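Dear colleague,

Please find below the structure that I am handing over to you. A summary of what was found in it follows, arranged by topic.

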Amino acid sequence: GDLPVDGIVTIEVQTLAGDVVETFVQEFVDLAAGATETIPVGWDSTGALETDYRFVGYVSYDSTITEPMTAEISTQAKVYLPMIKR
């Protein structure tokens, strides 16, 4: 559109099974058409019971909700070894 919008950004931390662990909500005001805004989120994974999680984020504005965007993360470093087949 051509007009600035107000809305709410919602970011959920979920298990891979879809259980919500934590939710972050941030309002934005007067976001200009074509502009972007950075929403900083810090999730403390200390005590996390699972090793793999998913962030799901979406925006609601003017009675509309965007399609969710997702990113999977892990609380553990993983090492991948090469496979040698003879």
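**Strand pairing and local geometry**

Strands S1 and S2 run antiparallel and are joined by nine bridges. Within this pairing, Ile11 has Phe24 in S2 as its bridge partner. The hairpin that S1 and S2 form has four residues between the strands, and Gly18 there adopts a positive phi near 100°. Please note that the model is a predicted one, and that every value in this message should be read accordingly.

S1, which covers residues 5–15, also pairs with S3 in the antiparallel sense, over eight bridges. Here Thr15 is matched with Tyr53, its bridge partner in S3. S1 therefore appears in two pairings, because two strands count as paired if at least two bridges are found between them: nine bridges join S1 to S2, and eight lie between S1 and S3.

**Further partners of S3**

S3 has an antiparallel pairing with S5 (residues 69–74) as well, and six bridges are found between S3 and S5. One bridge pair is formed by Arg54 and Glu72, the latter lying in S5. Arg54 itself belongs to strand S3. Its relative accessibility is 18%, so Arg54 counts as buried, the cut-off being under 20%. The C-alpha atoms of Arg54 and Ile73 are 5.9 Å apart, although 19 residues separate Arg54 and Ile73 in sequence.

S3 and S4 are antiparallel too, and two bridges join them. Tyr61 stands opposite Thr64 of S4. The hairpin made by S3 and S4 has two residues between the strands, and Asp62 takes a positive phi near 45° in it.

**Two aspartates with positive phi**

As background, most residues other than glycine have a negative phi. Which backbone angle sets Asp62 apart from that pattern? Asp62 is not a glycine, yet its phi is positive, at about 45°. Asp62 is placed in the loop between S3 (52–61) and S4 (64–65). With a relative accessibility of 59%, Asp62 counts as exposed, because the threshold for that class is over 50%.

Asp30 likewise has a positive phi, near 55°, in a residue other than glycine. Asp30, however, is found in strand S2, whereas Asp62 sits in the loop between S3 and S4. The relative accessibility of Asp30 is 55%, so Asp30 counts as exposed.

**A charged patch on the surface**

Where do Asp6, Glu27, Asp30 and Asp62 gather? These residues come together on the surface, in a patch of negative charge. The patch thus includes Asp30, for which phi is near 55°, and Asp62, for which phi is about 45°.

**The loop between S2 and S3**

Pro40 is located in the loop that links S2 (20–31) and S3. At 70% relative accessibility, Pro40 counts as exposed. Pro40 and Tyr53 are 13 residues apart along the chain, and 18 Å separates their C-alpha atoms. Tyr53 is the residue already mentioned as the bridge partner of Thr15.

I would be grateful if you could look through these points with the structure at hand.

With kind regards

Methods: Residues numbered from 1 in each chain as written. Predicted model: local features only at pLDDT ≥ 70, side-chain atom pairs only at ≥ 80, totals over all residues. Heavy atoms only, no water. Patch = residues over 30% accessible without salt bridge, like charges linked within 9 Å, V, L, I, M, F, W, Y side chains within 5 Å. Areas by Shrake-Rupley, 256 points an atom, 1.4 Å probe, with all protein chains shown as cover. Salt bridge = Lys/Arg side-chain N within 4 Å of Asp/Glu carboxyl O. Lys, Arg positive; Asp, Glu negative; His and termini not counted. Charge placed at Lys NZ, Arg CZ, Asp CG, Glu CD. Buried < 20%, exposed > 50% of the residue type's maximum accessible area, 1.4 Å probe, protein only.
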